[in-house]
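Work through the following exercises with the sequence and the coordinates at hand. Each task is followed by a solution that goes step by step.

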Amino acid sequence: MIIRDFGMDTASLAGPLAAKLAAVRRAGFSQVMISASEVVGHPDGVDGGIRAVRDSGIAVTGLETLRDFEGLDGKLRDYKMDVAKSMLRLCRALGGRLLIVEASTSSHANTDADAIVRDLRALATLAIPLGVRIAFKGVSWSRTASNFASAGELVLRADCRNLGLAIDAFDILTAQIPLDDLDAIGPEQMFVVQLSDFQWQTLHPTADNAATKTRYRVFPGEGAHGEELAAFVGKVDALGYAGTYSFDVYNDDYQQMPPDVVVNRARRAAEWLEETVLRRALPVPNMAHLRRPADD
Amino acid sequence: MTNALEYEAVAEEGTNPLGISGIEFIEFATSKPQALGSLLEKLGFRPIARHRSREVELYRQGSMNIVVNSQPADLPHTVRPAETPVLSAVALRVSDAEAAFQRVRDMGAWEIPVRARAMELNIPAIHGVGESLIYFVDRHEEFSIYDIDFRAIPSVEKKPAAIGDLHFFGIVQYIGADRTADWVWFYSQLFGFTRLPDRVRFGIMPKGSLLQSPCRSFFLQLIEPEDNARYAAMEEHLQRIGFGTSDVMATAALLEKRGIEFLASEKVHANDRGALTKPCLGGVIFEFVHDEAAIHSKPR
């Protein structure tokens, strides 16, 4: 079976890039989110990293992550613009069509919405000639957008067709946001949806959250929040989202396990969600274009 | 032809933040400059000047300047084999080139480092579609950018008249599937172009979306791939120049005598509204569009 609706993330797996990509492909995944550091840090240089991705035959869901970008001034702003340009070029070189931008956690970031919107618009404009879309993502300890709702407001204000949202189920689950709050987001604004489970029943905000975010995430169904995740996917699907669900999973254990073992766990998660919630399993050609919001 | 008043009313809503007042020149890049030069001469252009230090030539007819760039380092390398000329740059006349450049750069345009600029002219440039550039030129009235870096070809008329009142009418840009909204946003936000309603059409190639320049003197036509071509690999690029003329059939007859061949298929053939040349040099096409230049050539 080829897994089309769910994507892997190179950050979930241990080992060299080419080995990760090969494992992803063997398990039947057809797309993968690429961490920029994996390509840039490739032993054969950036070109070697780009070749590894292109030769793998796996589609690139997107490139991650541009951080602490918006709300800066003067030289800091120029510097971050250069970083952004470099990532946009890399994204295009990989054949990627999406760049994930996490809301700034920098203490230097201006929290004035006008400044943030100005920067997001500039980034989206830079991305247009390259054919890249920008997925802006709220971060719970960010100063500019702490969740999908505030990220969504900024995206709406910026009003660029190629600027949308990355929605991370983890943020919604940990903040215990009611799923109906997602109704405020149009499916055309959802550029990518990221899924992960985690093993703790409850989370304390901030410090705990930051550690869990980076270290204790597992694949959907492996943690304590399978039912909530299934409800989340059902909700997003009903809203009309037809894009990729990307497994945004990082944890220390998976970094010590063979990539084939880890990616097979991801495959089980994909199959479970496919069978229990999504049921996109029998694709009709161009069905995605016909999918409409549940309210219609 | 469509009702001119209709599209004027639409354009009236736009603004002109960069003070754009037309196209100063359009540049081709090719490794076969003589072949393109002789094609341009058949179209009525005359070689006017050569660059002092680079393999760059200036052709002119009437109000139109075309630059042929065959400097090896400037040739695009991803669009098509370089023997086939590619449209590699458009220079816009603006009221203040440096101010225009700063403004669009701050808004998210990609600046071109000076050393990479084709003509060693100190004119600011940004990335356009594909490998192409957009220049900003403000020295087009009292004296010209060509006076500095170009050497006039001796005994040549510097301002040859245009055949059949030919003038730049527009540029056709091929874009990827579902990319119209992105590019409309790009041109409207950065330059002040206005998208025209689909009922406003010119010439005989009515596909895609039309954008009118804020000075209302030229157009961009954005064309997405259709049907199965949507799935084929294609780099976005500037595809052809459209020339305006008040009498398409008379102009076409003049050009045919000079050796230009027009498409004459059942679907596409010269008529009062427009004409399309056969592809030359491996794919170069020119379009002709009926246009009473006076209707929209007045800068605001």
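**Exercise 1.** In this predicted model, determine the angle and the axis separation at which helix α4 (residues 74–93) of chain A and helix α5 (residues 113–127) of chain A pack, and then describe their contact by residue and by class.

*Solution.* Start with the geometry: the two helices pack at an angle of about 35°, and their axes lie 10 Å apart. Next, take the handedness, for which α4(A) passes α5(A) in a right-handed crossing. Then list the residues that make the contact, which are Ala84(A), Lys85(A) and Leu88(A) on α4(A), together with Leu123(A), Leu126(A) and Ala127(A) on α5(A). Finally, sort the residues of this contact by class, which gives five nonpolar residues, one charged residue and no polar residue.

**Exercise 2.** Decide how helix α1 (residues 17–26) of chain A and helix α3 (residues 45–55) of chain A are oriented to each other, and identify the residues through which they touch.

*Solution.* First obtain the packing values, an angle of about 10° with the axes 10 Å apart. Because angles under 35 degrees count as roughly parallel, α1(A) is roughly parallel to α3(A). The contact is then traced to Leu17(A), Ala18(A) and Leu21(A) of α1(A), which meet Gly49(A), Ala52(A) and Val53(A) of α3(A). In terms of class, the residues of this contact comprise five nonpolar and one polar, with no charged residue.

**Exercise 3.** Characterise the contact between domain 1 and domain 2 of chain B, beginning from the domain bounds and ending with the classes of the residues on the side of domain 1.

*Solution.* Begin with the division of chain B, in which domain 1 covers 4–15 + 163–296 and domain 2 covers 23–152. Count the participants next: domain 1 of chain B supplies 24 residues to the contact, and domain 2 of chain B supplies 28 residues. On the side of domain 1, the elements that give two or more residues are β9 (167–174), α5 and β13 (237–245) of chain B, and β9(B) gives the most, with four residues. Classifying this side of domain 1 yields 14 nonpolar, seven polar and three charged residues.

**Exercise 4.** How many residues does each chain bring to the contact between chain A and chain B, and which element provides the largest share on the side of chain B?

*Solution.* Counting by chain, 16 residues come from chain B and 12 residues come from chain A. Within the side of chain B, helix α5 (residues 180–191) of chain B provides the largest share, seven residues. As a last step, the residues of this side of chain B are classed as nine nonpolar, five polar and two charged.

Technical notes:
Residues numbered from 1 in each chain as written. Chains lettered and ligands numbered in written order. Predicted model: local features only at pLDDT ≥ 70, side-chain atom pairs only at ≥ 80, totals over all residues. Contact = placed C-beta atoms within 7 Å. Nonpolar A, V, L, I, M, F, W, Y, C, P; charged D, E, K, R; others polar. Axes fitted to C-alpha atoms, helices over the stretch in contact; angles between N-to-C directions. Left-handed = near helix turned anticlockwise from the far one by under 90°. Domains from an automatic or database assignment. Parallel < 35°, antiparallel > 145°, perpendicular 65-115°, else oblique.
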